Amino acid sequence: MSGINDPNAGRGRAQSTLPGVQDGGSFANDAGTDRLTQATAMLRQHTDAGWKAIEDSVINRTLALFRPSAPVRGRHDMGDFFLAAEVVIAHLRRRIDTVPHAAADKIACTTGERDELEQVTIILIAAYGAPLLDVAGQVHTVAVAVLTELLGVLAPAAERVRTHVHIGDVSNDPLIVT
């Protein structure tokens, strides 16, 4: 006898069309549970191996994109200090761009085992018609001055750092070189 408060009164119970599933989604036998367990295990095997390969790839790309700037050792009266290579490059670029008929295209710093600057390579864009050797000489002089200001006694004045200046391009574009 069904009572008035019975929610299923007057209604038939629906049967699932999925194998092994009855009564609104509960598992009625072990065959359905075994199939689900097998499917889950197979999916995890496939996904985990794929995720691991993707994970390594993502980590490697991330590390390649974000590399902290190498430290560059300097020395003053109070002892050693460090500057980021990007700071050295930014100072060099700002000062080189004030040299007439020259613009810094690329600047690279190379440090040794103790983070002491070993060499600086500067690739320039020079103005068309400018005397290239004079422009390169002026850039070299400016670079040595900047490195001496920034690094103190570990700078080129101490003849420890090689400063290479290369003309990488010549342009008549007044926006690039003035």
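This note goes through a hairpin, a helix and a nonpolar core in a predicted model.

1. Basis. Residues are numbered from 1 along each chain as its sequence is written, and side-chain values use heavy atoms, without hydrogens and water. In this predicted model, local features need pLDDT of at least 70 and side-chain atom pairs count only at pLDDT 80 or more, while totals for chains, interfaces and linings use all residues.

2. Hairpin. Strands β3 (residues 71-76) and β4 (residues 79-84) run antiparallel and are joined by six bridges. Strands (E, at least two residues) and helices (H or I, at least four) are DSSP runs numbered from the N terminus; two strands pair if DSSP finds at least two bridges between them. Two residues lie between β3 and β4 in this hairpin, and Pro71 stands opposite Ala84 in β4.

3. Helix α3. Buried residues (under 20% relative accessible area, 1.4 Å probe, protein chains only; exposed is over 50%, partly exposed in between) of α3 include Val135, Val139, Val146 and Leu150. The buried residues cover an arc of only 140° around the axis, taken from the directions from the helix axis to the C-beta atoms, which puts them on the same side of α3. The face turned away from the buried side carries the exposed residues Leu133, Thr141 and Glu149. Just after α3, Gly152 has a positive phi of about 65°.

4. Core. The largest nonpolar core (buried Ala, Val, Leu, Ile, Met, Phe, Trp, Tyr and Cys residues joined through side-chain atoms within 4.5 Å) has 28 residues. Its largest share, eight residues, comes from α3.
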